[in-house]
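The exercises below are meant to be worked through with the sequence and the 3D view side by side. Each task is followed by a solution that goes step by step.

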Amino acid sequence: MKKRLTKKMLSKKLKEFVTSIDGVEEALIGLPLITITGGSSIRVENFSNIMEYGQNLIKLKTKIGVLSITGKNLLAKSMNQEEIIIRGKISGVNLE
C-alpha cells in the first residue's frame, strides 16, 4: 500500500531538498548570494539597486545592507533584475 503525503510532509521534504542545494535557500528568501572568482570577477544575486558606480567603487543595495566592492577598473559586464557580474581587479568586499 502506498503512503500518501500530506501538505505538511511534502513541505518538509521540499525544504530538505532545497536546503541541500547550495545557494537556493538564500535565493528563496531574497538574501544576497555573492560569488567571487579569483580576484577579477564577482557575481551578486538578489540586489535591489546600484547606489554608486565608479571605476574604483561600486555600491549595491541588498536586503541586509549595502555591499561595497572596491578595486581598480571595475566594470559591470552584465546585469539584469536578478544579478550583476562585475569584472576588474577586486581588492575588497564589505557589507555595511
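Of the 96 residues in the protein, 25% are buried, where buried means under 20% relative accessible area, exposed over 50%, and partly exposed in between (1.4 Å probe, protein chains only). The model is predicted, so local features need pLDDT of at least 70 and side-chain atom pairs count only at pLDDT 80 or more, while totals for chains, interfaces and linings use all residues. Residues are numbered from 1 along each chain as its sequence is written, and side-chain values use heavy atoms, with hydrogens and water left out.

**Exercise 1. List the elements of the protein in order from the N terminus.**

Step 1. Count the elements: the protein has two helices and six strands, which are DSSP runs numbered from the N terminus (helices H or I, at least four residues; strands E, at least two).

Step 2. Read them in order from the N terminus, which gives α-α-β-β-β-β-β-β.

Step 3. Add the share of long-range contacts: among contacts with a separation of 6 or more, 38% are between residues 24 or more positions apart, a contact being heavy atoms within 4.5 Å.

**Exercise 2. Work out the order of the strands in the open sheet, and name its edge strands.**

Step 1. Recall that strands of a sheet pair through backbone hydrogen bonds, either parallel or antiparallel. Here two strands are taken to pair if DSSP finds at least two bridges between them.

Step 2. Start with β1 (residues 33–37), which pairs with β2 in the antiparallel sense over five bridges. Within this pairing, Thr-37 stands opposite Ser-41, and Leu-33 has Glu-45 as its bridge partner in β2. The two strands form a hairpin with three residues between them, and Gly-38 in the turn has a positive phi of about 60 degrees.

Step 3. Continue from β2 to β6 (residues 83–95): five bridges join these two strands, which run antiparallel, and Ser-41 stands opposite Arg-87 in β6.

Step 4. Complete the open sheet of six strands, whose order is β1-β2-β6-β5-β4-β3 with antiparallel pairing. Its edge strands are β1 and β3, each of which pairs on one side only. On average, neighbouring strands of this sheet are turned by 45 degrees against each other, direction ignored; the axes behind such angles are lines fitted to C-alpha atoms, for helices over the stretch in contact, and angles run from 0 to 180 degrees between N-to-C directions.

**Exercise 3. Decide whether Glu-45 is buried or exposed, and describe its surroundings.**

Step 1. Locate Glu-45 in strand β2 (residues 41–45).

Step 2. Apply the cut-off: Glu-45 is buried because its relative accessible area is 19%.

Step 3. Look at the whole strand, where four of the five residues of β2 are buried, so β2 is largely enclosed by the rest of the structure.

Step 4. Leaving out residues up to four places away in sequence, Glu-45 touches Leu-31, Pro-32, Leu-33, Glu-82 and Glu-83.

**Exercise 4. Find the two salt bridges and say which residues they join into one network.**

Step 1. Use the criterion that a salt bridge is a side-chain nitrogen of Lys or Arg within 4 Å of a carboxyl oxygen of Asp or Glu; the structure holds two.

Step 2. One links the side chains of Arg-43 and Glu-45 (3.7 Å, N to O). Arg-43 counts as partly exposed because its relative accessibility is 35%.

Step 3. Glu-83 also forms a salt bridge with Arg-43, and their closest N and O atoms are 2.7 Å apart. Because Glu-83 lies in strand β6 and Arg-43 in strand β2, the pair ties together parts that are 40 residues apart in sequence.

Step 4. Check the burial of Glu-83, which is buried with a relative accessible area of 18%. Through shared partners, the salt bridges join Arg-43, Glu-45 and Glu-83 into one network.
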